[in-house]
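Here is a short note for a colleague who is opening this structure for the first time. Please read it with the model on screen.

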Amino acid sequence: MGRGKIEIKRIENSTNRQVTYSKRRAGILKKAKELTVLCDAEVSLLMFSSTGKLHEFVSPSTTTKKVYDRYQQTSGISLWQSHYERMQDNLNKLKEINRKLRREIRQRNGEDLDGLTFQQLCTLEQNMDKSAECVRNRKFHVIGTQTDTYKKKVKNHEETQNDLLREMQRREAEYQYAFGDQEGDYPSAAGLAAANGNAAHIFAFRLQPSQPNLHLQDDASGYGSYGLSLA
């Protein structure tokens with residue numbers, strides 16, 4: 001038995017509608033591919049489902065743009081004319097805005113003032129005063145920020161210098177304690193210095209006069225002998 005004909009109308013059930021769309025979409029895509037291969041035709045097929053999903057097919061020998069261009073040439077209809085006109089209107093508006101801004105810049109530089117009325121000149125003066133005030137406030141803000149930054153740097157340097165001075169005073173006190181009160185006690189001083197990591201700098205020399213040589217008193221030098229000993 002043959003398949004019965006169905007009435008061509010909108011399918012109310014959404015599930016059945018989606019299933020029917022999927023099946024017939026596959027059939028149309030298959031026919032488009034067959035036309036491309038069998039008849040050497042250039043086919044461009046676009047489909048949008050009820051949910052807005054796009055499905056398309058373009059023959060491998062062409063592109064969608066080429067198909068649109070050939071359609072415009074054959075039918076004499078410009079597909080992009082309305083879009084081009086909107087772009088042209090937008091371009092003209094941007095040119096007018098640019099022209100006004102350039103004229104305002106020239107007027108702020110004291111140029112192109114001949115065509116302005118007294119009220120326009122007063123308005124321009126007020127705008128320039130406001131602009132100068134904004135620039136002045138910004139300048140003071142930058143100066144204040146830089147001043148605070150330099151003050152912090154100076155404070156950090158002062159703290160570093162004070163730390164170094166305290167460290168130097170501490171080390172000087174350790175040296176005086178090591179060599180001042182224990183002048184004749186070399187082993188204890190060397191031990192203390194070694195504990196502080198300064199043993200390499202412990203050398204104490206003492207210059208002491210030795211007994212004069214009576215046999216050399218008549219020497220032409222006139223000086224007695226002195227001995228240099230390591231304390």
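The points below go from the overall build to single contacts.

1. **Status of the model.** This is a predicted model. Please keep that in mind at each point below.

2. **Overall build.** The protein has five helices and four strands. Starting at the N terminus, the order of elements is α-β-β-α-α-α-α-β-β. The protein counts 231 residues, and 9% of them are buried.

3. **Helix H2.** This helix covers residues 64–75, which makes 12 residues. From first to last C-alpha, H2 reaches 16 Å. That is close to the expected 16 Å, at 1.5 Å a residue. What follows H2? Gly76 does, with a positive phi near 75°.

4. **The annotated coiled coil.** UniProt, in an unreviewed entry, gives residues 84–111 as a "coiled-coil region". In the model this span is 89% helix and 0% strand. Its end C-alpha atoms are 37 Å apart. The label itself comes from the UniProt record, and the annotation may be inferred rather than shown by experiment.

5. **Salt bridges in total.** How many salt bridges does a search of the whole structure find? The count is 12. As background, side chains of opposite charge can pair when their charged atoms come close. Points 6 to 8 take up some of these pairs.

6. **Arg99 and Glu96.** These two side chains form a salt bridge, with 2.3 Å from N to O. Both residues belong to helix H3, residues 81–108. They sit three residues apart, about one turn of the helix. Buried or exposed? Arg99 is partly exposed, at 41% relative accessible area. Glu96 is partly exposed too, at 31%.

7. **Glu133 and Arg136.** Here the scene moves to helix H4, residues 118–179. The side chains of Glu133 and Arg136 meet in a salt bridge, 2.8 Å from N to O. Why can they face each other along the helix? Glu133 and Arg136 are three residues apart in H4, so about one helical turn separates them. An α-helix has 3.6 residues a turn, so residues three or four places apart point the same way. Glu133 is partly exposed, with 37% relative accessibility. Arg136 is partly exposed as well, with 36%.

8. **Glu167 and Arg171.** This salt bridge also lies in H4. Its closest N and O atoms are 3.1 Å apart. The spacing is four residues, again about one helical turn. Glu167 has a relative accessible area of 28% and is partly exposed. Arg171 reaches 44% and is partly exposed. Which residues make up the network of salt bridges here? Glu167, Arg170, Arg171 and Glu174 are linked in it.

9. **The largest pocket.** About 230 Å³ of space lies in the largest pocket. Its lining includes the run Ile6, Glu7, Ile8, Lys9, Arg10, Ile11 and Glu12. Thr20 and Arg24 line the pocket as well. What kinds of residue form the lining? Five are charged, three are nonpolar and one is polar.

10. **To take away.** Begin with the order α-β-β-α-α-α-α-β-β. Then find the pair Arg99 and Glu96 in H3. Move on to Glu133 and Arg136 in H4, and to the network that holds Glu167 and Arg171. End at the largest pocket, with Thr20 and Arg24 among its lining residues.

Conventions. Residues are numbered from 1 along each chain as its sequence is written. This is a predicted model: local features need pLDDT of at least 70, side-chain atom pairs count only at pLDDT 80 or more; totals for chains, interfaces and linings use all residues. Side-chain values use heavy atoms; hydrogens and water are left out. On a 1 Å grid over the protein atoms alone, a cavity is a set of points where a 1.4 Å probe fits but cannot get out, and a pocket is an open set with protein on both sides within 12 Å along at least five of seven lines; lining residues have an atom within 4 Å of a point. Grid points are joined across faces, edges and corners, and a volume is the space filled by probe spheres set on the points. Ala, Val, Leu, Ile, Met, Phe, Trp, Tyr, Cys and Pro count as nonpolar, Asp, Glu, Lys and Arg as charged, and the others, Gly among them, as polar. A salt bridge is a side-chain nitrogen of Lys or Arg within 4 Å of a carboxyl oxygen of Asp or Glu. Helices (H or I, at least four residues) and strands (E, at least two) are DSSP runs, numbered from the N terminus. Buried means under 20% relative accessible area, exposed over 50%, partly exposed in between (1.4 Å probe, protein chains only). The expected span of a helix is 1.5 Å times one less than its number of residues.
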